[in-house]
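Hello,

Here is the structure I promised to pass on. Please open it and keep it in view while you read my notes below.

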Amino acid sequence: MTSHSVDDTAIIDITLTEDENPLLLDDNFQNTNINNSDSSIHNTILIPSISNFRLTNILRGLVFLEFFLLFIIWLAGSRTHLLIDDIIHFHLTTSIFDLVIISMFKLILLIILLTELEILVILRLYRPIDRSSFPFNRYLFIIALLLIAIGSLTFAIIKFVIIFHQEFQLSKLYLSCIYIFLVCSLLEFIGILFIFPYLNRLKLIEQQQHEQNRQEKQVDIRRVFSLAKEERSLMIIGTFFLFIASAIDIVDIILFGQIIAFALKYESMHSVNVIILILFGIDSINCICTFFNTWLFDLAGQKMTYRLRRNIFNAIIKQEICFFDENHTGELTNRLSSDTQVVQTMLTGNIAILIQNFIHIIGSLIVMFYLQVKLTLVLISIVPIAILIATIYGNIVENLRQQFQDKLAEANKTAEESISNIRTVRIFGSECKVIDRYKQNLMKSFIIGKKLAFNDALFSGVIGLLTAGIISVVMWYGAKLVHDKKLSIGVLSSFLLYLIQVVVAFAYLASLYGEFMQTVGASKKIFNLLDRQPKIPSTSNESCSIEPTDFDGSIHFNNVSFTYPTRPEQQILTNISFSIAPGQKIALVGPSGSGKSTIASLIERFYEPHSGTIYLGSYSLLSINPQWLRQNISFVNQEPSLFACSIRDNIAFGLDLNQISFDDIIRVAKQANAHQFIEEFDQKYDTLVGEYGHRLSGGQRQRLAIARALLMNPKFLILDEATSALDAESEHLIQEAIEQAMINRTVLIIAHRLSTLRNADLIIVLDQGKIVEQGTHDFLISKENGIYKNLALRQLMSDVST
Ligand SMILES: Nc1ncnc2c1ncn2[C@@H]1O[C@H](COP(=O)(O)OP(=O)(O)OP(=O)(O)O)[C@@H](O)[C@H]1O
């Protein structure tokens, strides 16, 4: 495989055998260019957004530079016989041939592994399920890369330590080789540590390319941090206090060491007293700084979450109706509650811990180098191994944690569904069934939870063991130095306290990694929501801003066909054409599922037709301001849902309470025959209706919904089965109200009770999404074998039998 660039485009050439090539199986893969040549197939994948300045290329360049420099210095610095001498009489302290050889192998291995890893990640993206095509896991590649980097760094440190303490002088060229090798090994190690986030980023870029129609922005670290952009100043001031507090932690240890040193001298307590006083003084400052940094970071967190939740809610509410068909309510509310919480914890709480531990590590290492160079070098040579183990294990735990969250979310969905449908559950006596279903789903999360508990404990154990190991090694070496009279006990004590601080800080950082990955996951979901542009706008924009002042209530359907996006294979409406003249009363009838409510949804622009046009007056529905549309077209749907507030607020829901008088509310309630039952309640119009209006009867809910629609004073009124839940008396009263409300407006009624449609100007009969008959009641009833006539007869017979 080779990698090169064309303008801003990176092309990755992949040579695979026919069996191995997963891309060949993917019909949808657009940018694959396949050239057959004998037994191998040469594919070119075009990836426009992968920069040449990517981490893998920087690492490739670095190992190449390292080898090149070492090789040149080795060649230039040795005369031919010395060059051979360096190989034949190789010795760790005097030869540099080993560095050249290691860097050469490193060059070969790193280039192969990095390249293979990149291919693996990119290919897997296109065949995420077919794991059998990939014999190697990407983690294996990463482990191999890390082992190489750690091996090289450890070798560099050992060689550095050994030659640094030998008696004889080494040439400058020789020393420069050691320095180059050490610095490059360190940079390579750091670079490889970043390979995980890099690969995730690469994956994101690829996903973006692959799903071009989805407007997902790349979630990188910078973007996650941009969430707390407005709280930057609070966090900067907080960091200032944090910096002082952390610096005091470091100074504290110097003072502890001095106290031990003075105490060991058995002299007067004066010096100890002075140091104790200083210690108390600076620790008091430390407490004040800790108060300020905790307060400022927490405040920033609260502000950020407040803003983020508001923005997410705005984004959710503006989405088109189809979005809500596709997404579960529980998942969306989860974005608002737990995902924002995860981001808050990371961006404010954990950032403070990160900065504090970082300062502890850097500050402690500086002081440790100052106190004892050799001992610090021993520590530094062990720490990378500890980081490697902690990182690998941290990833395993993190994967489990992710699985646990997913399973728990599934269980929550079941619980939420059962609770919100509790009446249906009770009617069918299905309590045991839903309890069992919840238990089964919960069990799945519990099984992973058990593994997680074990692995969490093991992780703590591993970290503890590593800590103990590092402390033991450094203690042993420190004790040896004290024994050899090369180090004082006071310095060793301070050194050990610093050591503990460094090790604890590393342990914290290792545990933060998992949380950070969780934050990236949560932020990705948040950004997907924030970035998502509704496919149907809910407010006006350039394409839909018309507010027809001359709208007379007429509507025209011209060859409209439609399928629901969530069920694209089922055609719901086919070539529907009809016109509703101003002030007409039109009825839609037909068997259940024939598409009547769908027509109403299209007029409300909940969905858009796949072909054909709907006109309001002389304007296409798509060009009209959606807010204007909702003010002029009211819709009372089959299952009117109310909000958990007062009757008055429910009736006034679509309008600003300051713009309407209480008299208006009473007037429409009277029109909808709701006034009488409202007056019978103790608190009348202030009566609370409960969640979804469950404290009212079905008929009462419908009458309130009609009153709510009438208050909007719409030019066009849609009544979808609006009288279905009423008894004969109420239905009669409602019919009267509707007759009244129809004056000066156009009405579209969708009703099964054909007897209520006698006075309709036009009845449109639908069957399987097509208009099969239309005309007045008398016309349709006179048709031999007509669908309407059959429906009417069937209804008449069932009315007689009941
Ligand atoms: N949100 C949706 N997503 C996918 N399919 C839907 C959706 N809403 C309705 N459908 C399907 O569209 C078809 C027409 O439904 P619609 O509600 O328009 O029928 P209807 O004539 O009003 O029926 P009814 O008289 O029983 O209310 C049905 O097959 C239904 O399953």
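**What I found**

In the four-stranded sheet, H556 stands opposite S579, a residue of β6. Please keep in mind that the model is predicted.

**The whole chain**

The chain has 802 residues, and 29% of them count as buried. It holds 24 helices and 14 strands. Now take the contacts between residues at least 6 apart in sequence. Of these, 78% join residues at least 24 apart.

**The four-stranded sheet**

This sheet is open, and its strands come in the order β6-β5-β8-β9. The pairing is antiparallel. Which strands sit at the edges? They are β6 (571–580) and β9 (619–620), and each of them pairs on one side only.

Look next at β5, which covers residues 555–563. Six bridges tie β5 to β6, and the two run antiparallel. You can find the pairing by eye. F557 faces F578 of β6. H556, where I started, has S579 of β6 opposite.

β5 also pairs with β8, residues 611–616. That pairing is antiparallel too, over five bridges. Here N558 stands opposite T613 in β8.

**The six-stranded sheet**

A second open sheet is built from six strands. Follow them in the order β10-β11-β12-β7-β13-β14. The pairing in this sheet is mixed. Why is one side of β10 and of β14 left without a neighbour in the sheet? Both β10 (633–636) and β14 (770–775) are edge strands with a single partner each, so one side of each stays free of a neighbour. On average, neighbouring strands here are turned by 15° against each other, with direction ignored.

At one end of the order, β13 (residues 762–767) meets β14. Five bridges join the two, and they run antiparallel. I763 is a good place to look: G775 of β14 stands opposite.

A helix also packs on this sheet. It is α21, residues 698–711. α21 touches β10 and β11 (716–720). The direction of α21 makes about 180° with that of β10.

**Two helix pairs**

A word on how to read these. Two packed helices are described by the angle between their axes and by the distance between the axes.

Start with α8 (residues 232–265) and α9 (residues 270–318). Their axes lie 8 Å apart, and the packing angle is about 160°. Angles over 145 degrees count as roughly antiparallel, so α8 and α9 are roughly antiparallel to each other. The crossing of α8 past α9 is left-handed. Which classes of residue make this contact? There are 25 nonpolar, six polar and two charged residues.

The other pair brings back α21, this time with α19 (residues 662–671). Their axes come within 8 Å and cross at roughly 125°. α19 and α21 are therefore oblique to each other. This crossing is right-handed. From α19, the contact uses D664, I665, V668, A669 and Q671. From α21, it uses A707, L710 and L711. By class, the residues of the contact between α19 and α21 are six nonpolar, one polar and one charged.

**Where to begin**

Try the β5 pairs before the helices. Find F557 and F578, then N558 and T613. After that, turn to α21, which packs on the six-stranded sheet and also crosses α19.

Best wishes

Definitions and conventions. Residues numbered from 1 in each chain as written. Predicted model: local features only at pLDDT ≥ 70, side-chain atom pairs only at ≥ 80, totals over all residues. Pairing = 2+ DSSP bridges. Axes fitted to C-alpha atoms, helices over the stretch in contact; angles between N-to-C directions. Contact = placed C-beta atoms within 7 Å. Buried ≥ 20, exposed ≤ 12 C-beta atoms within 10 Å, placed from the backbone. Parallel < 35°, antiparallel > 145°, perpendicular 65-115°, else oblique. Left-handed = near helix turned anticlockwise from the far one by under 90°. Nonpolar A, V, L, I, M, F, W, Y, C, P; charged D, E, K, R; others polar.
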